Amino acid sequence: MTDRQPLLDVRGLHVYLGQSHVLQGVSFAVREGGVTALLGRNGVGKTTTLRALLGLVRPRGRVELAGDDVTGLPTHRIVQRGVGYVPEDRDVFAGLSVEENLRLAERDGGARYDLVYGLFPELKARARQRAGTLSGGQQQMVAIARALLNENRLLLVDEPTKGLAPLLVKEVAGVLERASETETILLVEQNVGVVQAVARDAVVLDQGRVVYAGPARELLEDAARVKQLLGVSRAEGAAGR
C-alpha cells in the first residue's frame, strides 16, 4: 500500500447479526483505482462487510470514504456519495424489461448508456425483454450494468461469477477489468482465476477478522497459503464454475 490516503478506510468494524458476532474488528484500506479482492471461505463475513459498508446492516467501528466518515449513514446517503452495489443474488426486477431495470438505476448527473451498452451489447438488443425471462448470465449482466450506469467512486461487487458457465465467467472478468480502468472496485469473488486476472490488492477474512492484506499476486503465488486461507488450490480456482 502507498502513503497516499486510501479511497476507503475501514477501521475496527464489528457487526452482530442476532447472536452472531460476524465481523470482529475488521480493518483494511482500498486504494483508489483498480480492483481489491475481498476473499475468504464461505461464511467468514465477506457479504456482511459489503452490506456494512453500504449501511444495509449497522456496524460499529469507522468507515471513511475519501476521508469522510460515512459510518452509520443511511444507505441512500452512501449511494449519493458515489457508492454502487452489485448484490450476490442479482435482484433484477423480473416483471420489468431490461431497459426499465436500467432506468430505475439512474442517478442525477447523467446515465452512461453508451458505456453500458458498449460493455454489454446483448442488453441493448434485449432492451424490451422482461428481465425474468433472461438467463442467469444475462441477469448478472443487468445487475452489473445497473451499477455501471452511474459514475461511482467505489463499486462493491458481490460474487459476480457465482453459478455462471466458464465462458460467461471469462466475459464477466473482462468487464470488471475494463470497468476498473475508471472505477475503484471492491470485489467479493470465490473464483481464484478471476481474482488472479483482475485484482491488484487482496484482503482475506477468516472467522470475522482480516488475516491478510496486501498485493493479490503475492498471496496467489503462495499455493500453500491459498489452500490454507481459501480452501482451494490455484488450479481449482482457475477452472471456473
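1. Pocket lining by class. In this predicted model, the largest pocket is lined by 12 nonpolar, 5 polar and 4 charged residues. The volume of this pocket is about 410 Å³.

2. Pocket centre. The lining counts 21 residues. Closest to the pocket centre are Val-79, Tyr-85, Ala-105, Arg-146 and Ala-147.

3. Where the lining comes from. Four elements each give two or more residues: helix H2 (75–80), strand S6 (83–86), helix H3 (98–104) and helix H6. Which element gives the largest share? Strand S6 does, with 4 residues.

4. Helix H6 beyond the pocket. Helix H6 covers residues 136–148 and packs on helix H7, residues 166–179. The angle between H6 and H7 is about 5°, and their axes lie 11 Å apart. Angles under 35 degrees count as roughly parallel, so H6 is roughly parallel to H7.

5. The H6–H7 contact. From H6 come Gly-137, Met-141, Ile-144 and Leu-148. From H7 come Leu-168, Glu-171, Val-172, Val-175 and Ala-179. By class, the contact residues are 7 nonpolar, 1 polar and 1 charged. The charged one is Glu-171 of H7. The polar one is Gly-137 of H6, because Gly counts as polar here.

6. Overall fold content. The protein has 11 helices and 10 strands. H6 and H7 are among the helices.

7. Overall dimensions. The C-alpha trace spans about 45 × 40 × 40 Å along its principal axes. The protein has a radius of gyration of 17 Å. A compact globule of 241 residues would have one near 18 Å, so the two values agree.

Terms used
Residues numbered from 1 in each chain as written. Predicted model: local features only at pLDDT ≥ 70, side-chain atom pairs only at ≥ 80, totals over all residues. Heavy atoms only, no water. Axes fitted to C-alpha atoms, helices over the stretch in contact; angles between N-to-C directions. Parallel < 35°, antiparallel > 145°, perpendicular 65-115°, else oblique. Contact = heavy atoms within 4.5 Å. 1 Å grid on protein atoms, 1.4 Å probe; cavity = no way out; pocket = protein on both sides within 12 Å on 5 of 7 lines; lining within 4 Å. Points joined across faces, edges and corners; volume = space filled by probe spheres on them. Rg over C-alpha atoms; globule rule 2.2 N^0.38 Å.
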